[in-house]
Every structure is written in structure tokens, then in C-alpha cells.
Amino acid sequence: MAKEIYDSLCDVCKLFGSNHFASKINISDAYIYGDKAHIDIRDGVAIDRDTLTAAEGKKYNFECVSAGTRFKFRMTFDNLEQDQVEIAKLIVDLLKNGEIKVGGKTSAGLGDIQLAEYSVYRVDKDNLIDYLKQETEEKRREQAFKEEW
Ligand SMILES: [Zn+2]
């Protein structure tokens, strides 16, 4: 039954998930890589919905992370079919080239990200047991097969 539902999904839903299946892509929380985050204070103005102009007395400030701040995160792709591996490689390329924005206010110039350093590891049935026997996550990654993408 699950296979029939999966097979009926479009390519996007198979990879990114749908109401019936979880995504094959998981992204961890991103943590600051380095000493500390630098925060910028920016200002904005609320827009009056009726006049579509700046609302009187509705100026506000918001904080955003300064450009150049580095974060560390983990992205996993689970049980990819061969054509999905190619899409995963494309996603990594888009991140490397800074072609994906994240978060809010991207139209105001925020949310530019670029993958600076990365490693790709493959865990499969041949190295899964050894992978799970490793004491720490870090050792697990070192022992897994490193892929060149
Ligand atoms: Zn779909």
C-alpha cells in the first residue's frame, strides 16, 4: 500500500514530502560557527493595507544576523533513488553558488546564504553496522564513505 502511494506521488513530493510521506531531506538547526554572532538593527515601516503606503507612526526595528556570520548545520538525504541523487547534487550546487535564500525579508535583501565548506558522506548497507558502532557522531562521519560531489 505504501509503495503504491509513493509511486503515485510526483517527483517533488517523493523528495520533499507530502501529506502522505515525510521528506527525504532533513536539515538540522544551524548553530553559529565561531565566537559569536554580530547582530544588525534595521528599521522598517508598516504598510497601510488600504493606501499601500507607509503607515503613519508605524516605524519598527528588527534584528538580523550580520553578513558574513557562519553557521554549521547538517543536511541528510535519506533513501534516495539514483535520479534523486542528481537533484541532491543540484541542491548542494545551488547552496554553494548562493542561489538559495532563507528566512524572512528576502525581498529586502536578507537571507542570502552560501555553502562555504561541506563534506558529503554515504552510509549504506555495507557500512551501516560499522557506522552505528562508532561512539560519536563525529567518528561516524569520519568512517562513513566520503563522496565527491
Ligand atoms: Zn506532488
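**Architecture and local geometry of the predicted chain**

Leu 52 lies in the loop between E3 and E4. In this predicted model, Leu 52 has a positive phi of about 55° although it is not a glycine. Most residues other than glycine have a negative phi. The hairpin formed by E3 and E4 has six residues between the strands, and Leu 52, with its positive phi near 55°, belongs to that hairpin. Leu 52 counts as exposed because 7 C-beta neighbours are found inside 10 Å, the limit for exposure being 12 or fewer.

The two strands that flank this loop are E3, residues 39-47, and E4, residues 54-65. E3 and E4 pair in the antiparallel sense, and eight bridges connect them. Within this pairing, Ile 39 has Val 65 of E4 as its bridge partner. Neither strand contributes a buried residue: in E3 the number buried is zero of nine residues, so E3 lies largely in the open, and in E4, which is hardly covered, the count is zero among twelve residues. The criterion for burial is that 20 or more other C-beta atoms lie within 10 Å of the residue's own.

At the level of the whole chain, the secondary structure comprises five helices and eight strands. Their order along the sequence follows the pattern α-α-β-β-β-β-β-β-α-β-α-α-β. The chain has a radius of gyration of 21 Å, whereas a compact globule of 149 residues would have one near 15 Å. The C-alpha trace spans about 65 × 45 × 25 Å along its principal axes. Of the 149 residues, 1% count as buried. Considering contacts between residues at least 6 apart in sequence, 43% join residues at least 24 apart.

The domain assignment divides the chain into domain 1 (2-34 + 74-147) and domain 2 (35-69). The centres of domain 1 and domain 2, taken over C-alpha atoms, are separated by 31 Å. Domain 1 is thus given as two segments of the sequence, 2-34 and 74-147.

Two residues, Ser 28 and Tyr 31, were examined for their contacts beyond the local sequence. Ser 28 is found in the loop between strand E1 (25-27) and E2. Leaving aside neighbours within four places in sequence, Ser 28 is in contact with Phe 73 and Arg 74. The C-alpha atoms of Ser 28 and Arg 74 are separated by 5.3 Å, although the two residues are 46 residues apart along the chain. Ser 28 counts as exposed, with 10 C-beta neighbours inside 10 Å.

Tyr 31 is found in strand E2, which covers residues 31-32. Its contacts, again leaving aside neighbours within four places in sequence, are with Phe 71 and Lys 72. Tyr 31 has 10 C-beta neighbours inside 10 Å and therefore counts as exposed. Between Tyr 31 and Arg 122, which are 91 residues apart along the chain, the C-alpha separation is 23 Å.

A further positive phi in a residue other than glycine occurs at Asn 79, where the value is near 50°. Asn 79 lies in the loop between strand E6 (75-77) and helix H3 (82-96). Asn 79 is exposed because 6 other C-beta atoms lie within 10 Å. Helix H3, which follows this loop, has 15 residues and reaches 21 Å from its first C-alpha to its last, close to the 21 Å expected at 1.5 Å a residue. After H3 comes Gly 98, whose phi is positive, near 70°.

How values were computed
Residues numbered from 1 in each chain as written. Predicted model: local features only at pLDDT ≥ 70, side-chain atom pairs only at ≥ 80, totals over all residues. Helix = DSSP H or I, 4+ residues; strand = E, 2+ residues; numbered from the N terminus. Rg over C-alpha atoms; globule rule 2.2 N^0.38 Å. Contact = placed C-beta atoms within 7 Å. Pairing = 2+ DSSP bridges. Domains from an automatic or database assignment. Expected span 1.5 Å × (residues − 1).
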